[in-house]
Each structure stands twice: as structure tokens, then as C-alpha cells.
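Thank you all for making time this morning. Please have a look at the sequence and the structure on the screen before I begin, and then I will walk you through a few parts of them.

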Amino acid sequence: MEQLKTIGRELAMGSQGGGWTGQSKEFLDLVKSIGEARSKAEEDRIILREIESLRRRIAEPDVPRRRMKEYIIRLVYAEMLGHDASFGYIHAVKMTHDDSLSLKRTGYLAVTLFLSDDHDLIILIVNTIQKDLRSDNYLIVCAALTAACKLINEETIPAVLPQVVDLLAHPKEAVRKKAVMALHRFYQRSPASVSHLISNFRKRLCDNDPGVMGATLCPLFDLITADVNSYKDLVISFVSILKQVAERRLPKAYDYHQMAAPFIQIKLLKILALLGSGDKQASGHIYNVLGDIFRKCESSSNIGNAVLYECICCVSSIYPNAKLLDAAAESTSKFLKSESHNLKYLGIDALGRLIKINPDVAEEHQLAVIDCLEDPDDTLKRKTFELLYKMTKSTNVEVIVDRMIDYMISINDNHYKTEIASRCVELAEQFAPSNQWFIQFSVSNNFTFQTMNKVFEHAGDLVNVRVAHNLMRLIAEGFGEDDEGADSQLRSSAFNIELLFLHSELEFIYGNSTHIAAKILNNILCNKFLKMVNSYLRILGEPKLPSLFLQVICWVLGEYGTADGKYSASYIIGKLCDVTEAHLCNDTVKVYF
Amino acid sequence: MVRLYPNRCQLVGSAFISGFLISLVRSFIHFVILISRQGKVRLTKWYSPYQQKERSTVIRELSGLILTRGPKLCNFVEWKGFKVVYASLYFCICIDPDDNELEILEIIHHFVEILDRYFGSVCELDLIFNFHKAYYILDEILIAGELQESSKKTVARLIAAQDSLVETAKEETGSISNMISQAM
């Protein structure tokens, strides 16, 4: 954190940087002028001028190689700022052919930044990569491997695969490590092409160099995610490695903020979480080392807490163990009580995992959770809603859904709005234990239906129609069974919802002639419709009505608007025409006239 | 309940399958962006496929989202179904929702500490004028969107080796051209 503050201060003071090397004054001037540009437009002008100048100069014959290197760096810079410098790509490719490491390295950097693995120019690079993978100079091999990770795709894998596999046994650990990562990348691009080589990953797990071993954990994690059973035999090995790491038996170079190789610990914990999940025997091997790590973790540093969090994730995903669950609950508690927002966030997430195993654990943290819900930090709020969603039971569904709706109405992010709306509906649907509950519940609160009305009014277009339709059927069925005692206002509210979705699927329902449709139709009472006509006419003027809602309104008005003689047909039609004009783009709405 | 949508499960099933296939090509880290307090781009590295136009949009959206957040809030934001972890001077890393956010925050610090050691108390100007070197260092820490090396010493050693070979190459060129110019 300190270094970051230093950087911040330096930025504020605009102080001199240390040791920039080798670039010409022109580059220095360019960067300076970009920095001093007062608007994006000015910045764009400067860069476009630069690009034009480079376009001319790069095409000149016999450009000295060092100067070409600088041109290419400047083109990388231009593209980083969002402009196109594709005329320079071919020169970058040519630079990778150069024998000198300095130029080759720049060439490789440029092509990995410029090109994606399906670019036409890749063919010209594959040969170079092949050649460089066989170089005597291990640094050149490394540069080629790094480039291969980005530029080699499914088609070109066969061209380099044998060489990369050979490099897994290279004397230099940096090369072995990069070869592992390259092989992993190839596996991600095309699992089939690498599937016969998977045993190599197992071998590298036992590599002498901790860096190579650590790198191997990446592909192993992916492999285990895809097929957990084939790797159960490695549980004991992973546990043993984790134990050694936790006991500080790796070189000090892997220490980070007083923790022993924490990044490696985290990777191992993720792997063990997968292997122990649902498997009592495998989990049995893991318990001891987990307990040790819980005890040894430095909870005063960020990285210590990151490891602790990963432990909690592991504990909650493997076969349950009471002592470890207690330790996890205790750590979660500390997170929630912390001042740091980051830790509170992790605490909420951890709580969400623990309640799957033991729902009661949420009880004692209710206050902390509510604090997070009220926090102005949006990230924390969203996370807490996710937790609430997991915590919903029939006893608290109304409170939770209520909160969720309030929040949903207040946010602007449509993607997220849809999510919350769908969740509200799912919860109400899920926790309606019986039709009896539904009716009684709503009679006393008039909650659910009003609520659902609100949800659909605000997010009707976005809510997944299918989810909502199931809800509608639930409501409709409820009516079928017990309509005599139902409150009439209740039925009309319910009916709003029914119509809302009934119309989006009208033909379908009639086509099927389900008894629900018949019951719905039977339940239509003119009075109810007339009431609705009035309120719908009122609402019609409101801007931004979701089109589903509008469809319903139009149908009702069309069918029953003139039923009691209060409004003339022309009045109704006039109103509807106003709507058509306002909603020209929506053909479905028009159909309902 | 009458099933009006008998094919719903099938639809859901196939969506799940295609989602899984896509995920085999994704990275653990989707991209790394470094922006200044004014929203100027200092470094961008993309580990998942993003077209040039998408990249500009991403940068614009994230700048708007992150630069306006107060100092005491979480260092994580949700964005389009992903999570973005950021640290001040605005190193931003985009990950999937299920990943360990605090670990990524520490990866950012790990990167900064290595930059610090390399440049000797790094400041923003170092990164501006030597952005290509920052890329070399980043390529030693992260590769294909995964953490490649967690030992600062190893990274420093490798970069130093590369630099010294580069320097030697430069010297050789220098001395050769000297010889030539003297011979003339």
C-alpha cells in the first residue's frame, strides 16, 4: 500500500522519473505532449499526427534497426491509446526475425500486443517461434514461449507442440515454467490436441524448482475442474506440498509480506477444495493441514486474509468437519466485524458459503449483515443482496423481497435490474408453500401481488417471461381452489398479473385449452374489468410503461372499454391511437388493438 | 402444476453446455489496465479476446466506474457480470465473479513492488517513459491470464539477465561502429 501512495504522491508532484533509457528526444517530447494535452481531442490530434509521421518514415528503405525498434515502440504506444497502427504490424513481425535479443524481444512484445491469435500475419511468426524454441540462448527460448502463449491457436499448436514438450525438461527453470504455462494455454485452446500429454503436468508437480511447481498448479486446477475423479490419487501429494509450504520449507524468495508462498498456498487450497468436495475419504486427508493454516495465518495483512478466505472456501466445499467449520465461522466473524470494506465483503461472501452447510450461522451475524445492506458502498450492498437471496426462508421472504424491490427500483444498471427482478420472482415462487399460504398471505398484507405488480411495472420487459409465467399460473391456480372467500380487490390485483402474461402467451394457452385458462375466463367479472378500465386509462398517459403491461392494457381497453357505455368507442380508440404514436416501434402492442 | 413449457429444461441445459465450452478458452484474469487519476491510459494487457473498439469502451466504462469511487470503499466492483479489482493509481484487473478478490489485490501489489524494485521507487513517469519495460515485467508475472511467478527475486533476476544481454548487444554495436568510423 505504501508504494502505491508514493506513486500517487509522485503523480501529484509530477516529479522526475528515474532511469529512462535509450529512446530519442522525439519520443520524450511525444509522451510529454500527450501528458500535457488538455482534452481527449487534443491528445487524439497529437497521436494521429505521430502516426502519420511514422507511417512515412517506417516505409523508407534502410531504416537502421535501432530506429525501427523505436518506431515500433511508438506504434505500440499509439495503439494502447486506442488508435490504429496496423500498417506497422508487418514491421513488428520482421523484427521478431532479428538475431539480436534486444530487437527480437521488442518484436515479440509488439506482436503479442498488436495481434490476436487468428490474425493473418501469424503464419509468418510461427516459423520464427519454432526456430527460437530451439535456440541455445535460454532468454530467446523464454521470449518465444511467452509469445506462443498469446499467438498460438488451435491450428498452429501442432507446429510447436513437440518442441514445447521437450522444453519441459530444459535445464533452466524459467524455461520449464514457461513451457508448462504454454502447454496449459494450448490445453485451454484445444483440449484434444494436448490430452495425451497430461501426464507431463503430473511430472512437473514434482519439479525441484518451486516456481515450476507453482506454475503447474494452474493447468492442474483446470484439469481437476473438468474431471475430478482422475486426480483423486493426487490428494495426498497436494496435501504434502501444502504442508511443506506452510511449514516454511520453500526458499525465502517465495515469502510475501511474512507469509510463506501465499499465492501457492491459495492455488493448492483451491485444488483441494475441488478434490475433497463430497468425498469423505479425500477430505479426511485435508483436515489437518487446513487446521494448521487457520492457526498460522497472519490476519493482520491483506495476503494473510486472502489465504484465510481461501481456507474458509475450502472448508465449506469439502466434506463437513465440525472443528474446521467453527474455525471458519470465527474467521468470518472477524471479517464482518472489521473496519475494512474489503474484509466485510469477504465476510459476506464467506457467510454465504457457510450457511449452505449450517443455516443457523447467519443468525448471530444479522446485525452486521444489515449494516452492510445499508452501506453506501454499492459493491458491498450487492454482495449482501446475494447473501440475502441465499438466506431466504418462508419466514423472512416478504421482508427480503421487499428490500430487494426497493433496491431494484433505485438502480439504473439494466443488467443488474433484470437479475434482481428475476430473483424476486423466483423467491416468491419458491417460498409459496401452498396456494393457501399465498391467498392468506396476500389477504393480510396485500403484499405479494402489489409487490409483483411493482416488479413487473418497473421491469416487466426485462423479467424473464417464463419465470414470471410460472408465478402467474401459481396465482391463477390458487384462485381456482378458493375463490369464494377471496377478497375482491385481491382478485383484481392478481388478475392484473394474470393478464400481463396471459397476453404474451394468449394463443398458446387457448391452444392448449388448459383448465386454468377456462377458470381464468370464468373468473372475469365485468365490474372488475370496468374498474381496471378506469385505472388503465389513467396509467396509459404515463411514460415508459413496459410493453408487456401496455399490451395488457390495450387488450382490456379494446375488449371492455365500451362495455358499460361510459366511454364511447371513439374515445377509447383515440386514446389507443395516442399510444400507438408514442410506441411506433413496438408492433406487438399495435396488434392488441 | 400444468407444464406449459416442457422444453424449458432442455433450453437451460444447452445454454449451460455452451457456457461451459466458452469457459475453456477464458482466462483467470481477463485483462490488466493501468489508468491515471485523470483517466489516461498507461498500460493495457488483454488476456481474453477484445476488439480494438471494445477495448476503448471497456476503458471508458471502467474509468467512469472506478475513478468516482471514494477512498474507503471496497477495492472491488461488479461490472457486466465480471468483477474488477483495482488499487490506487488505478491498476485494474478483471476477473470472474467466483475468484478470490483479495488475492488479486495482492497480485497487483506484488506487481507494483516488483516495479518499485526495478525502477527504484517507481513513479508514474517511469511507467510512462518506460512502458515497454513495464510490459516485460508484467509478462514475467502473468502469462495467459494466470500468475506465473510469485517470487520477486526470480522475476528480478530474469529481467536483469534480459537487460544485460540487451546492454551487451548495444555496446557491441556501439564498439563496432566506433571501429568502423575510426577506420574511415
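Let me begin with a pair of strands in chain B: strand 4, residues 82–87, is joined to strand 5 by five bridges, and the two run antiparallel. When I say strand or helix, I mean DSSP runs numbered from the N terminus, with E over at least two residues for a strand and H or I over at least four for a helix; two strands pair if DSSP finds at least two bridges between them.

Before going further, I should say that this is a predicted model, in which local features need pLDDT of at least 70 and side-chain atom pairs count only at pLDDT 80 or more, while totals for chains, interfaces and linings use all residues. Residues are numbered from 1 along each chain as its sequence is written, chains are lettered from A and ligands numbered from 1 in the order in which they are written, and side-chain values use heavy atoms, with hydrogens and water left out.

Back to our two strands: B:Cys92 in strand 5 is the bridge partner of B:Tyr86. Strands 4 and 5 of chain B form a hairpin with three residues between them, and in that turn B:Leu89 has a positive phi of about 70°.

On which strand does B:Phe91 lie, opposite B:Leu34? B:Phe91 belongs to strand 5 of chain B, and strand 5 is joined to strand 1 of chain B by five bridges, again antiparallel. Strand 5, residues 91–95, has five of its five residues buried, where buried means under 20% relative accessible area, exposed over 50%, and partly exposed in between, with a 1.4 Å probe and protein chains only. From this strand B:Phe91, B:Ile93 and B:Ile95 point one way, B:Cys92 and B:Cys94 point the other way, and all are buried.

Strand 1, residues 29–35, is also joined by five bridges to strand 2 of chain B, with the two running antiparallel, and here B:Ile33 stands opposite B:Thr44. Put together, this is an open sheet of five strands in chain B, in the order 2-1-5-4-3, with antiparallel pairing. Its edge strands, each pairing on one side only, are strand 2 (41–46) and strand 3 (76–79) of chain B. For chain B as a whole, we count six helices and seven strands, and 57% of its 184 residues are buried.

Now to chain A, and to helix 13, which has 13 of its 17 residues buried. Why do we expect a span of 24 Å for this helix, residues 210–226? At 1.5 Å a residue, its 17 residues should span that length, and the end C-alpha atoms are 25 Å apart, which agrees; the expected span is 1.5 Å times one less than the number of residues. Helix 13 of chain A also bends by about 25° at A:Pro219, the bend being the angle between axes fitted to the seven residues ending there and the seven starting there.

Finally, I would like to set two loop residues side by side. A:His97 lies between helix 5 (89–96) and helix 6 (101–114) of chain A, and A:His97 is partly exposed at 40% relative accessible area. A:Ile318 lies in the loop between helix 17 (302–317) and helix 18 (322–337) of chain A, and at 4% relative accessibility A:Ile318 counts as buried.
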